[in-house]
Each structure stands twice: as structure tokens, then as C-alpha cells.
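Here is a friendly walk through one protein. Take a moment to get the view on your screen, and then we can start with a single spot and work outward.

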Amino acid sequence: MYQVRTDLALEAREKFEEDNVEIKGVRLEEEEASPDIHISSVIIETENGAKTMGKPKGNYVTLEARNMNDEDEGYHREISRQLSKILKRLLPEKKDYTTLVVGLGNRAVTPDSLGPRVVDNLCVTRHIIKEFGKYVIDDKCHQSVSSIVPGVMAQTGMESMEIVRGITKETKPDVIIAVDALAARSARRLNRTIQITDTGINPGSGVGNHRHALNNESVGVPVIAIGIPTVIDAATIVIDTMTNLIHAMSQAKQLQSIGSSYEQLDMVEKYQLVRELLTPQLNTLFVTPKDVDEAVKRLSFTVSEGINMALQEK
């Protein structure tokens, strides 16, 4: 069965809009946080909506900033501030709570290193508060925060969920924030989009590596997931290219029949056609921008600053 290769709830919903399919139990709310920052909230309210979307019930907030790749510290600080506002709506309402931040992914693979890099820049305070109390540290770091980078199964032989569940039983955090790299359907969203959700995360689902979910049911603690798409399926790029090519061909009289034949195919048939035409080597290929090294480094600071703001600023 054809399925859009994306971790973004917003893109999953857009696919149904393209097919003129109405989804009951799913709402979309949009706002312009600034001229360059757009925030969309997909709220899945019913089990029917969750089944149709292929995602659990909950809130999926997507922050899109078209200039997120620019090296503008002021702009990135505004993105961090907006991320902080979204996080505060999802974090516990009580004044003092403990947080465990989990950096998912493989530090040795640049497009997958977002989680570990974000953890490197966090204001971690649990050990200090536990030893001396929260009054001995800076007012800007008053919440108890711990962090872990569990690695990937090839490195540890264990599921990330198993590691996090064990740590949760020992340290008993009130909430978990999991950070991971995602896969997108649209190339324009690569390194320009942040998704925040209160439903947890399935590590590797966007690239076909289905690991155990990290969520409230599996670890016993609410899990907020933050992700940025850094890769896109090669077949998706080919489909977009072919669609643009055929559209151009259909404008020429001598090539209209070819263009019309392709246009009559639905998205499922187009995807299956491309999958059959791609060689086995390209069939599982995922693509990332050439400047991914600098992008992930820059975005890890942006996300960690947003988390620090949400957890530590009064």
C-alpha cells in the first residue's frame, strides 16, 4: 500500500487535501507568528481521525520558517522564542517539575545527529539541585533537567525505548522531551521546519526503520517530541520532477498525449511506477541537502535554546 514517507502530520493532512478527502475528527489551526514564521496546528481529536492519519490522537504543531537556513542570530533567537512558547503550552502546568531530555539519533551520521547535538547545549541541572538545592544556581536554570543520548540499536543492541524506560524508572521525571531528526515529503521543508507534538515519537519511522514507540504508554511519562526534517525519500523527488516535466510536456501539442497519460494516474500509481523504475540501489535512498553539516549544527543551537527558554525562564 502506498504511504507518504513523512514524519510531519501537516504533510500527511495535506496529502488528503490534494486527494479531496475530508478527514473527520482532525482540525487545522494556523497563525502567523511573524512575517517569516508560520505556525500550523493539526489536532487529531478522534480515533477515526487517528486511524485515517496513521498517527496517534493529540496535538501536532509545525513551525515553518523559510529563512531558517540563514546565519542570522536574531532570527534564530526569534524561532527559539516561538518554540519556547509552543513547548510551554504542552509542558506540565505545575510550578516545579523534573524533565528528562532525550537526544535520539546517531551522532556519527550528520543528518541523524540533531538529537545528540541538542543535548550538548542544554542547561542540565538535576545533579546540582539534587546535591545543593535549586537556590545555589542561577535563576535562569532553576528547573531540574537531566539528559541522555541513548544512541541507536546498532551501537547498543537495545531499543532507545528500553534505555529511556529504565532511566525513567530510576530518576522519575515528570515529563520527557525527545528530540530527533525527521523525514519530510517536501524538499522545501528540509531544515526549515520544526514539529512539536505531545504524542511521543516512533524513532526511524520516516525512513522505514520502525522502532518501538517512545510515548506515555511505553515509558509511563508524558513525552513531548521535537523534530526537524533533514532527509527526503529519493522516490518523492523523482515523482515531483516527473510531475513538473509532464506538466511542461502537456503544454506542447506534439507531447500532449504523453503528458495526459501520466496526469491520469493517481498518487498511488505514480509512486508505484517510480518504485518499479528505480534500481534496487536507489529504491531505499534518502537525500539530504549538501550543507547539512552547518544546518544541523546551527539548528541544534536553535532547538536547545528554545528548550532552555521553556524550562528555565520564569
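Start at Lys 172, which sits in the loop between α7 (160-171) and β6 (175-184). This is a predicted model, by the way, so everything here describes a prediction. Is Lys 172 buried or exposed? With a relative accessibility of 59%, Lys 172 counts as exposed, because the cut-off for that label is over 50%. Its backbone has a quirk too: phi is positive, about 50°, although Lys 172 is not a glycine.

Now move along to another loop, the one between β6 and β7 (193-197), where you'll find Asn 191. Asn 191 also has a positive phi without being a glycine, with a value near 60°. How accessible is Asn 191? Its relative accessibility is 0%, so Asn 191 counts as buried.

Before following Asn 191 to its partners, step back for the whole picture. The protein is built with 13 helices and nine strands. It has 314 residues, and 49% of them count as buried. On the outside, about 16000 Å² is exposed, with carbon and sulfur atoms supplying 50% of that area. What about the contacts that link separate parts of the chain? Take those between residues at least 6 apart in sequence: 72% of them join residues at least 24 apart.

Asn 69 gives you a good example of such links. You can find Asn 69 in the loop between β3 (58-65) and α3. Setting aside neighbours within four places in sequence, Asn 69 is in contact with Leu 190, Asn 191 and Arg 192, and also with Asp 291, Ala 295 and Arg 298. So there is Asn 191 again, as one of the contacts of Asn 69. Take Ala 295 from that list: Asn 69 and Ala 295 are 226 residues apart in sequence, yet their C-alpha atoms are 6.4 Å apart in space. Asn 69 has a relative accessible area of 18%, which is under the 20% cut-off, so it counts as buried.

Next, look at a pair of helices. Two packed helices are described by the angle between their axes and the distance between the axes. Here the pair is α3 (residues 73-90) and α13 (residues 292-312), whose axes come within 8 Å and cross at roughly 45°. That angle makes α3 oblique to α13. The crossing of the two is right-handed.

Which residues meet where α3 and α13 touch? From α3 come His 76, Arg 77, Ile 79, Ser 80, Arg 81, Leu 83, Ser 84, Leu 87 and Lys 88. They meet Arg 298, Leu 299, Thr 302, Val 303, Glu 305, Gly 306, Ile 307, Met 309 and Ala 310 of α13. Sorted by class, this contact has eight nonpolar, five polar and five charged residues.

Zoom in on Ser 84, which lies in helix α3. Leaving out residues up to four places away in sequence, Ser 84 touches Gly 306, Met 309 and Ala 310. How far apart are Ser 84 and Ala 310? In sequence they are 226 residues apart, while in space the distance is 4.6 Å, C-alpha to C-alpha. The relative accessible area of Ser 84 is 3%, so Ser 84 is buried.

Lys 85 is found in helix α3 as well. At 46% relative accessibility, Lys 85 counts as partly exposed, whereas Ser 84 is buried. From Lys 85 to Ile 307 there are 222 residues along the chain, and their C-alpha atoms are separated by 9.8 Å.

For a last stop, head to strand β8 (residues 223-233) and pick out Ile 232. Not counting residues up to four places away in sequence, Ile 232 touches Ala 184, Arg 185, Ser 186, Ala 187, Leu 190, Ile 237, Leu 285, Phe 286 and Val 287. Leu 190 may ring a bell, since Asn 69 is in contact with Leu 190 too. Ile 232 counts as buried, at 2% relative accessibility. Ile 232 and Thr 6 are 226 residues apart in sequence, and 8.0 Å apart in space from C-alpha to C-alpha.

How values were computed
Residues are numbered from 1 along each chain as its sequence is written. This is a predicted model: local features need pLDDT of at least 70, side-chain atom pairs count only at pLDDT 80 or more; totals for chains, interfaces and linings use all residues. Side-chain values use heavy atoms; hydrogens and water are left out. Helices (H or I, at least four residues) and strands (E, at least two) are DSSP runs, numbered from the N terminus. Buried means under 20% relative accessible area, exposed over 50%, partly exposed in between (1.4 Å probe, protein chains only). Contact means heavy atoms within 4.5 Å. Accessible areas come from the Shrake-Rupley method with a 1.4 Å probe; for residues, only the protein chains shown count as cover. Axes are lines fitted to C-alpha atoms, for helices over the stretch in contact, and angles run from 0 to 180 degrees between N-to-C directions. Angles under 35 degrees count as roughly parallel, over 145 as roughly antiparallel, 65 to 115 as roughly perpendicular and the rest as oblique. A crossing is left-handed if the near helix is turned anticlockwise from the far one by less than a right angle, and right-handed if clockwise. Ala, Val, Leu, Ile, Met, Phe, Trp, Tyr, Cys and Pro count as nonpolar, Asp, Glu, Lys and Arg as charged, and the others, Gly among them, as polar.
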